[in-house]
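Dear colleague,

I am handing over the structure we spoke about, with the sequence and coordinates placed just below. After them I set out what was found, beginning with a question about a helix.

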Amino acid sequence: MSDSKNTRRGFLAASATMAAGLGFVAIAPGIRLIEAASAQGKLASSKVRYGLLIDSNKCKSDCDACVGACATENGIVEKVANPRQRAQWIRKINLVETSTGKTHSLPMMCQHCAKPPCVDVCPTGASFKRADGIVLVDRHICIGCRYCMMACPYKARSFGHQALTTQNPEVPRGQGCVEACTFCVQRVDRGLKPACVEACTNGAMIFGDLNDPNSDIYKRIREVSSRQVRADLKLDTGVRYQGI
Amino acid sequence: MFTPNFRYKEGPAFYLLVAAGGLVAALGVAAAYYMEHMGHIVTNMTNQIPWALPHVFAIFLIISASGVMMVASIGTLFGKNVYKPRARLACLLAIALLAAGLSVIMLDLGRADRLPVALTHLNPTSEFGLNIIFYPTFLTLTSLYLWTLMEPRMNRYSKTVDLANLIWRLMLTTGTGSIFGFIVARQAYGTAVLAPMFIISSFAWGLAIFLIMQRVLYGWSNMTLDLAVLKRMKNLLGIYIGAVFYFVSVYHLTSEYYAKQGDFEHFILIGGGIFPMLYWGGFVLLGTLLPLLLIFHPRIWPKPGAVTTAAVLVIGGALCHLYVLIVGGQAFPMEMFPGMTATSSFYDGAIEHYVPSLPEILLSIGGFGIVFTIAIIGARVLNVLPQDDIAQLKASGSLTD
């Protein structure tokens, strides 16, 4: 009788150990994420609001250097048979004014809204906004429901339709999760500019802290007339456009 | 006719019905496994149309789950005696429909393996997030209500539980309608009329499913439904069909009124290829006018087959309507730059074309397989078959027009 009790106790103890082990395995990715976020030694500050000013007058319709730089930096180099299933974190849009025929060209990406609809609708909170205004997807808890893709007024998000093997170690991507422009957060946290901005030789993109009076973007946005795309939605976008 | 302790006879019919439903469900699960393994690259869903056929079916099933319970409430809450014996079957169908709808939507997730994440992380501003509360509570209330119906000592609580469930269902379907109602990005959505439209649709679609399953179960049991009972139910279906058509018309007319929506309405109703075809041919003609004719034309009645046909057509029309709303709403390009035409490698400004792939079709239809299998097994093990005491109904005046 006591033997059987001991056996049962042993079994229960082993089960508890296994359960704890499994629990750790389940939680561990989350812990890693927190470590990664603070890897640069400081957390994102709410005093900062990162933004981007794009001058469509300087953006050439035949230039897509920003798109190429984004793909290289973020490892978006996979081959996809159906082009409609290909991820595009940044794309060039060519516009023609219907009444005048005037043309414009500009890059479009996640607008890093202050009130992002993707964050509102995400059932698990995987879509989130950092304190400094950068909108990201936590790929540990994204379940791939694509509600955020339905809700984004800028069609800025892409879905991981297939398994990937060409990721940049600093930029987590994968099958079954939604992804979008991160403002190259891995670079920004190191004090660098996003890859697209650095690649733009026409000077059409200014990146910086919208709250910092000493930043170029802060000054420029007060000198020129700029607009937010779908300003009617009052999402307070971090990306502004000049010249359209 | 009235057999209070009715039980089904053992026979091959039960196993055949379960095998048929199980096969369709199994094909759906196999398709989901294939999609999970290979990724959504094997589907025709894209970055332009991220929600497609599985969402059409899943939303149909979930909405119908809420609506079918009206059959029960009409008896329990509103005191219509004809509907009282139908409450148990309504509960069973509601549970089956909800289980099927949730299965389809969960199996379509990019990371279906992260279901526990969805259950443990709740974003209260998300309609999807709130559904994590809405759906299990609906399931619990419906099960509780079924218990109050089946356990004589609990009978006295059935009205209270059903009232709570009715209120909860109205909230749930409002929430499901608001999944689209709160989307401001696209022209097709972002309107409050979607919530009441989904509620009235749920009544029609739920009743249609009930009528079909009632017919199947009666056929299986070699029983005949009294025509006076059927007449009341088919008349109610007719009223629901008219009400759905009213709300869908209001949705389009209000949208048409705003100049900025004109292009979208033209696309959906006239120039958009498959979408106007599905709207006018599928929803209006086959899903609304023809069922109304079958239900109300004096020369067609009394033919029980006509009512079942009408119910099947209502379901077909519902799927067409949801397809137009969900897929059509995404196929029309988002207008980011009013007054300008846009082109890009990401298909900005372009009308999207979508044809469902085989895995999507199998997963979607698999939902119906799940409903059917659960309903047949449930009807076998539970005493849910509606049985009418016609003499008593006539004596109480419940069958007068």
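How far apart should the ends of helix α3 (residues 87–107) of chain B be, given 1.5 Å a residue, and what distance do its end C-alpha atoms show? Because the helix has 21 residues, the expected span is 30 Å, and the end C-alpha atoms are 30 Å apart, which agrees. Of the 21 residues of α3(B), 19 are buried, so this helix is largely enclosed by the rest of the structure.

Please bear in mind that this is a predicted model. The predictor gives the complex an ipTM of 0.91 and a pTM of 0.90. For chain B the mean pLDDT is 92, with 97% of its residues reaching 70 or more, although over residues 1–6 of chain B the pLDDT is below 50, and that stretch has seven contacts in the model beyond near neighbours in sequence. Where pLDDT is low, the predicted coordinates should not be read in detail.

Turning to chain A, its secondary structure comes to seven helices and ten strands, and buried residues make up 43% of its 244 residues. Among the contacts in chain A between residues at least 6 apart in sequence, 63% join residues that are at least 24 apart.

One sheet in chain A is open and has four strands, in the order β8-β1-β10-β9, with mixed pairing. At its edges stand β8 (205–209) and β9 (226–227) of chain A, each with a single partner strand, so one side of each is left without a neighbour in the sheet. Strand β1 (residues 50–55) of chain A pairs with β8(A) in the antiparallel sense over five bridges, and within that pairing A:Tyr50 has A:Asp209 of β8(A) as its bridge partner. Helix α7 (residues 216–223) of chain A packs on this sheet, where it touches β1, β8, β9 and β10 (239–242) of chain A, and its direction makes about 115° with that of β8(A).

Which strands make up the open sheet that takes in both chains? Three strands form it, in the order β3(A)-β2(A)-β1(B), and the pairing is antiparallel. The edge strands are β3 (103–109) of chain A and β1 of chain B, each of which pairs on one side only, while the twist from one strand to the next averages 30°. Within chain A, β2(A) and β3(A) pair in the antiparallel sense over seven bridges, with A:Met109 in β3(A) as the bridge partner of A:Ile90. Across the chains, β2(A) pairs with strand β1 (residues 340–344) of chain B, again in the antiparallel sense, over five bridges, and here A:Ile93 stands opposite B:Ser344 in β1(B). Helix α2 (residues 65–74) of chain A lies across β2 and β3 of chain A and runs at about 160° to β2(A).

As for the interface as a whole, 46 residues of chain A are in contact with 38 residues of chain B. On the side of chain A that touches chain B, β2 (90–97), α3 (117–121), α4 (147–151) and β6 (158–159) of chain A each supply at least two residues, and β2(A) gives the most, with seven residues. By class, that side of chain A has 23 nonpolar, 15 polar and eight charged residues. Strand β2(A) thus appears twice in this account, as the strand that gives the most to the side of chain A touching chain B and as the partner of β1(B) in the antiparallel pairing.

With kind regards

How values were computed:
Residues are numbered from 1 along each chain as its sequence is written. Chains are lettered from A and ligands numbered from 1 in the order in which they are written. This is a predicted model: local features need pLDDT of at least 70, side-chain atom pairs count only at pLDDT 80 or more; totals for chains, interfaces and linings use all residues. The expected span of a helix is 1.5 Å times one less than its number of residues. A residue is buried if 20 or more other C-beta atoms lie within 10 Å of its own, exposed if 12 or fewer, and partly exposed in between; C-beta atoms are placed from the backbone. Two residues are in contact if their C-beta atoms, placed from the backbone, lie within 7 Å. Ala, Val, Leu, Ile, Met, Phe, Trp, Tyr, Cys and Pro count as nonpolar, Asp, Glu, Lys and Arg as charged, and the others, Gly among them, as polar. Two strands pair if DSSP finds at least two bridges between them. pLDDT is the predictor's confidence in each residue, from 0 to 100. Axes are lines fitted to C-alpha atoms, for helices over the stretch in contact, and angles run from 0 to 180 degrees between N-to-C directions.
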